[in-house]
Amino acid sequence: MTIGIGLLGLGTVGAGVAAILASPEGRHPLVAELELRRVAVRDLSRPRPLQLAAELLSTSPEAVVDDPAVEIVVEVMGGLEPARSLILRAIAAGKPVVTANKAVIARFGEEIAAAAAAKGVYVLIEAAVGGGIPIIEPLKQSLGGNRIQRVSGIINGTTNYILSRMADEGAAYADVLADAQRLGYAEADPAADVQGGDAADKIAILAGLAYGGPVPRAGIATEGIDRLDARDVAYAAQLGFVVKLVATAERLGSGAPAPGEPISLDVRVHPTLLPKQHPLAGVHGVNNAILVEGDPVGQVMFYGPGAGAGPTASAVVADILNIAGIRQVGGSEAGLDPLLAASSWRQCELVDGSSSRHRNYVRLHTRDEAGVIGRIGSCFGAAGVSIQSIVQFEARDGEAEAEASSAEGSAEGSAGAKAEIVVITHEVQEDQFRQALAAIANLSDVTKVAACLRTL
Ligand code: NAP
Ligand code: HSE
């Protein structure tokens, strides 16, 4: 018995899904049971990579959701509205939903899960995080016996593609971003990728699953790669590090939280220096990787293509097959499987991270004079921050030169003498590091704290 699929969107992901449904040979036999019955697009005249019968296409996504021939709604149109309303409309009609839309799930996941539970329908989201990497179902099911300590990873393909090509080829940021858009990796508005918002949506979803309760999306500290200086990528490489956009969710404390107490989490997204031997450092191009650390499993890493038509469609179709399989054995009359449906069993609260401990990379513009490094070292020492390495590079551009020569009190004969000093600290508590940095910024030798990046 065939199962009717309604597709909302026929862009990168939608076309990838339609292509799988159109060629079931060699795949799981259930794929052949899935029939594309209606497809919503914005522009009927737009050329498509695959030919669909004209009567399948509609510019009304509501009509697709409401069509009685559509039994499973697949939302791959993106954006917040009307996507959220369409998902709720499908649920209200008793239709299960598959979506790749992390922006909607990170913000409205609680509302959608409650509506789905009330109606007894599944809303599955495997494609929302990690593209083709199975990570949502493993977190919900295979790792359910663990206490999760940390989930961290590279979960935006566009920025990893950009950073990899900048590091490997010295490619220009704008050119590589244009390539990522052409390849279908970037969001409709790529600001979500390069400013870190897409990764923040995804870590909110992963943390919600790992820790058992919704994570307030708006509270996630987020910094993208759009203000990253190529010089820091180059200096990091010279010092044995690679720079990646890393998203992390970490619980504070180690034992089991008291019953009924919220769990405290530090959740953040920012460019991070990784030692070259770190498991995430070797993740290149559009690939993503997610490292899950739990008790008793230890470290498990999930790796694969994080964006693009084929990988994302692979995850979407897996969700459709899960739902189709349940229907084949008699539907969900007995209630929803709590390991497949989104379930929430506690509150998560975000902490500000000032007590988190990590290494740091700092680049300073300074005057090039005797004693400067000593004075910087004293500021770190006074705040209890231990230095792992301190390296002086020659200032190479007009910015540092101008700052150095115009610095107040610049001594006769030393005007124009300038340096770039890069410091890597040992692991230290964030607030101690900030205290040291404030003192350093006040030194008359220091013209600018030019960059400051977390380091694993
Ligand atoms: P896309 O290429 O921009 O495609 C969006 C599709 O939705 C287009 O076919 C568009 O129609 C249609 N659409 C948009 N608004 C519509 C409306 N109001 N009414 C009817 N049709 C509408 O986007 P995408 O890259 O496939 O991404 C889709 C979703 O998957 C997003 O939530 C994205 O975050 C997520 N996702 C994407 C990837 C990826 O690698 N691209 C990976 C994982 C998750 P037209 O074609 O006529 O413009
Ligand atoms: N724009 C997203 C990325 C798509 O680059 O990771 C996959 O979610």
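**Helices, ligands and cis bonds in a predicted model**

Me: Does Ser164 count as buried or exposed?
Reply: In this predicted model, the relative accessibility of Ser164 is 5%. The cut-off for buried is under 20%. Because 5% falls under that cut-off, Ser164 counts as buried.

Me: Which residues does Ser164 touch, not counting those up to four places away in sequence?
Reply: Ser164 belongs to helix H6, which runs over residues 157-169. Beyond four places in sequence, the residues that Ser164 touches are Lys244, Val283, His284 and Gly285.

Me: What span from first C-alpha to last is expected for H6 at 1.5 Å a residue?
Reply: H6 has 13 residues, and its two end C-alpha atoms are 18 Å apart in the model. That is close to the expected span, which is 18 Å.

Me: Which strands do the buried residues of H6 pack against?
Reply: The buried residues of H6 include Ser164, Gly157, Tyr161 and Met166. They pack against helices H7 (173-182), H8 (191-194) and H10 (230-238). The strands they pack against are S7 (147-154), S9 (241-251) and S11 (287-295).

Me: Which residue has a side-chain oxygen that reaches the backbone nitrogen of Thr158 at the start of H6?
Reply: Thr158 is one of the buried residues of H6. The side-chain oxygen comes to within 3.2 Å of the backbone nitrogen of Thr158, and it belongs to Asn156.

Me: Which residue with a positive phi follows H6?
Reply: H6 covers residues 157-169. The phi of the residue that follows is near 65°, and that residue is Gly170.

Me: How far apart are the end C-alpha atoms of H4?
Reply: Helix H4 covers residues 102-119, which makes 18 residues. A straight helix at 1.5 Å a residue would reach 26 Å. H4 falls short of that, with its end C-alpha atoms only 22 Å apart.

Me: Where does H4 bend?
Reply: The end C-alpha atoms of H4 do not reach the span of a straight helix. The helix also has a bend of about 80°, located at Phe108.

Me: Which helices are among the elements that cover the buried residues of H4?
Reply: In H4 the buried residues are Lys102, Val104, Ile105, Ala106, Ile112 and Ala116. Their cover includes strand S5 (97-99) and strand S6 (123-124). It also includes two helices, H3 (83-92) and H9 (197-211).

Me: Which residue just after H4 takes a positive phi?
Reply: At the start of H4, a side-chain oxygen of Asn101 comes to within 3.3 Å of the backbone nitrogen of Ala103. Just after the helix, a positive phi of about 70° is found at Gly120.

Me: What is the distance from an oxygen atom of ligand 2 to a polar side-chain atom of Lys202?
Reply: Among the residues around ligand 2 are Lys102, Asn156, Gly157 and Lys202. A side-chain N or O atom of Asn156 is 3.4 Å from an oxygen atom of the ligand, and a polar backbone atom of Gly157 is 2.7 Å from one. For the polar side-chain atom of Lys202, the distance is 2.7 Å.

Me: How far is an oxygen atom of ligand 1 from an N or O atom in the side chain of Arg46?
Reply: Ligand 1 is surrounded by 24 residues, and Arg46 is one of the closest. Backbone N or O atoms of Gly11 and Arg42 lie 3.0 Å and 2.9 Å from an oxygen atom of the ligand. For the side chain of Arg46 the distance is 2.6 Å.

Me: Which residue has its backbone nitrogen 3.3 Å from a polar side-chain atom of Thr455?
Reply: Thr455 is in strand S18 (residues 446-455). Its relative accessibility is 1%, so Thr455 counts as buried. Its contacts beyond four places in sequence include Phe241, His358 and Asn360. The backbone nitrogen at 3.3 Å is that of Tyr361.

Me: What is the omega of the cis peptide bond from Asp295 to Pro296?
Reply: Pro296 is in the loop between S11 and strand S12 (298-305). The peptide bond from Asp295 to Pro296 is cis, with omega near 15°.

Me: Over which residues does pLDDT stay under 50?
Reply: The average pLDDT of the protein is 93, and 95% of the residues score at least 70. Where pLDDT is low, the predicted coordinates should not be read in detail. The stretch where pLDDT stays under 50 is residues 401-414.

Technical notes
Residues are numbered from 1 along each chain as its sequence is written. Chains are lettered from A and ligands numbered from 1 in the order in which they are written. Side-chain values use heavy atoms; hydrogens and water are left out. Helices (H or I, at least four residues) and strands (E, at least two) are DSSP runs, numbered from the N terminus. The expected span of a helix is 1.5 Å times one less than its number of residues. The bend at a residue is the angle between axes fitted to the seven residues ending there and the seven starting there. Buried means under 20% relative accessible area, exposed over 50%, partly exposed in between (1.4 Å probe, protein chains only). Contact means heavy atoms within 4.5 Å. A polar contact is a pair of N or O atoms within 3.5 Å; within protein, one must be able to donate a hydrogen and the other to accept it, and residues adjacent in sequence count only if both atoms are side-chain atoms. pLDDT is the predictor's confidence in each residue, from 0 to 100. A residue is near a molecule or strand if one of its heavy atoms lies within 4 Å of it.
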